[in-house]
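Trainee: I'm new to this one and would like a close look at a single part. Could you pick one residue and walk me outwards from there?

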Amino acid sequence: MKILAIESSCDDTAAAVVEDGRKILSSIVASQISDHKKFGGVVPEIASRLHAECIGAVTEAAMRKAALDYDMLDAVAVTFAPGLIGSLLVGVNFAKGISMAASLPLVPVHHLRSHIAANYITHPDLEPPFLALVVSGGHSHLVAVDDYTVFRVLGRTRDDAAGEALDKAARAMGLAYPGGANLDVLAKDGNPHAFSFPHPQVDGSPLDFSFSGLKTAVVNLLHHAQQKGETLDAKDLGASYIWAVTDCLLKNTRTALEQTGFSKLVVAGGVSANSVLRRRLQELCAKNGVELYLPSLNLCGDNAAMVGAQGYYELKKGNIANLSLNATASLSIDYN
């Protein structure tokens with residue numbers, strides 16, 4: 001079964017063709033990093049305008065690379081939630097046009113579900129049930145994946161996501177966008193125990209996350225040093241901050257594994273590319289006899305191949321939309 005997939009939830013315009021939810025026939029991503037870099041972050045209006053400018057060319061490139069005509073496809077899948085509403089609308093409306101013109105089923109795909117599904121491509125033997133840790137710029141979730149389309153949220157952030165906390169700290173330190181990735185590179189040789197940061201917890205909800213206090217702590221530390229005319233070691237500061245963020249992620253993940261008894265941990269989202277998080281999760285899982293599944297680095301960020309992977313299982317479940325499908329800026333992963 002061959003599915004054309006389209007992703008435009010934030011600042012990457014992507015199209016891919018995926019076969020049977022596991023095999024990439026083509027994957028094209030048009031990045032907007034250079035356009036948003038000057039602003040230090042994604043500007044929603046610019047993002048949606050750029051999506052509109054290139055989505056046609058990106059989709060045609062994906063079809064050419066897959067060496068397929070539209071009548072050889074079985075469906076078109078598209079990210080419809082959550083994300084920047086203007087960006088989502090570009091992809092949804094484009095997919096609806098293809099669905100109508102080519103008489104293809106239209107499959108709506110949740111962005112976080114597709115991030116988890118990136119692991120089905122990297123690990124063809126992976127099957128639910130398992131525990132998923134979803135960490136990105138806008139989301140930090142612990143999710144029980146009982147089946148390919150059955151999800152239960154066990155814990156989520158109460159304020160900032162882990163990726164946002166990393167990005168904001170990087171920006172406060174003067175690093176260019178994308179901050180989290182650049183902070184990871186900077187901190188590679190730093191001392192992770194040079195600075196002490198708080199480890200926020202949510203009373204009564206041991207699986208929920210909170211990162212706003214961490215973000216405030218590093219900003220205050222930088223401001224106080226500046227007022228005193230002091231210079232902080234950037235590598236040590238970055239390494240210590242990343243260590244604190246990953247500490248919070250690991251603590252809750254360990255608790256979730258103990259409470260649920262899952263023997264498989266799947267990691268997903270842009271922050272799953274962070275080198276410290278990957279290393280520490282490998283150590284955690286090896287110590288506790290848990291199988292760890294990490295997406296390949298090229299599938300950690302937003303892409304359409306992961307949309308095609310999840311779209312395959314949504315289609316098999318019968319989750320097909322009509323042309324009234326609309327984009328949704330916010331929607332929980334466990335929606336029905």
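Mentor: Let's begin with Arg152, which is partly exposed: its relative accessible area is 42%, and that value falls in between the under 20% that counts as buried and the over 50% that counts as exposed. Keep in mind as we go that this is a predicted model.

Arg152 belongs to strand S8, which covers residues 150-156. Who touches it? Setting aside the neighbours within four places in sequence, Arg152 is in contact with Leu142, Val143, Ala144, Asp146 and Phe262. Hold on to Ala144 from that list, since Ala144 is in strand S7 and stands opposite Leu131. That takes us to strand S6. Another way to place Arg152 relative to this strand is through Leu133: the two are 19 residues apart along the chain, and their C-alpha atoms are separated by 12 Å.

So what does S6 look like? The strand runs over residues 130-135, and 6 of its 6 residues are buried. Phe130, Ala132 and Val134 point one way, while Leu131, Leu133 and Val135 point the other way, and all of these are buried. S6 also has two strand partners to look for. With S7 (residues 140-147), S6 pairs in the antiparallel sense over 6 bridges, and the two make a hairpin with 4 residues between them. With strand S9 (residues 264-268), S6 runs parallel, joined by 4 bridges. If you want one spot to find by eye, take Val134, whose bridge partner in S9 is Ala268.

Now go back to Phe130, because it leads to the aromatic rings: Tyr120, Phe130, Tyr148, Tyr312 and Tyr313 form one aromatic cluster. In the whole structure there are 8 aromatic pairs. One of them is Tyr120 with Tyr313, an edge-to-face pair at 5.5 Å centre to centre, with 65 degrees between the planes. Tyr120 sits in helix H4 (residues 111-122) and Tyr313 in helix H10 (residues 305-317), so this pair ties together parts that are 193 residues apart in sequence. Tyr313 also makes an edge-to-face pair with Tyr312, this time at 4.9 Å centre to centre and 80 degrees between the planes. Are these tyrosines buried or exposed? Both Tyr120 and Tyr313 are buried. Tyr313 has a relative accessibility of 9%, so it counts as buried, and Tyr312, at 13%, counts as buried too.

There's another ring to look at elsewhere: the charged end of Arg280 sits over the ring of Trp243, 3.7 Å from its centre.

Last stop, helix H7. This helix spans residues 212-228, which makes 17 residues, and it reaches 25 Å from its first C-alpha to its last, close to the expected 24 Å. Its buried residues are Leu214, Lys215, Ala217, Val218, Leu222 and Ala225. Why do they end up on the same side of H7? They cover an arc of only 165 degrees around the axis, which puts them on that one side. These buried residues pack against helix H5 (162-172) and helix H8 (234-260). Turn to the other side of H7 and you'll find Gln227 and Lys228, which are exposed. Just after the helix comes Gly229, with a positive phi of about 75 degrees.

Terms used: Residues are numbered from 1 along each chain as its sequence is written. This is a predicted model: local features need pLDDT of at least 70, side-chain atom pairs count only at pLDDT 80 or more; totals for chains, interfaces and linings use all residues. Side-chain values use heavy atoms; hydrogens and water are left out. Buried means under 20% relative accessible area, exposed over 50%, partly exposed in between (1.4 Å probe, protein chains only). Two strands pair if DSSP finds at least two bridges between them. The expected span of a helix is 1.5 Å times one less than its number of residues. The arc is that of the directions from the helix axis to the C-beta atoms. Contact means heavy atoms within 4.5 Å. Rings of Phe, Tyr and Trp (its six-membered ring) pair if their centres lie within 6.5 Å; planes under 30 degrees apart count as stacked, over 60 as edge-to-face and the rest as tilted. A charge sits over a ring if NZ of Lys or CZ of Arg is within 6 Å of the ring centre and within 35 degrees of the ring normal.
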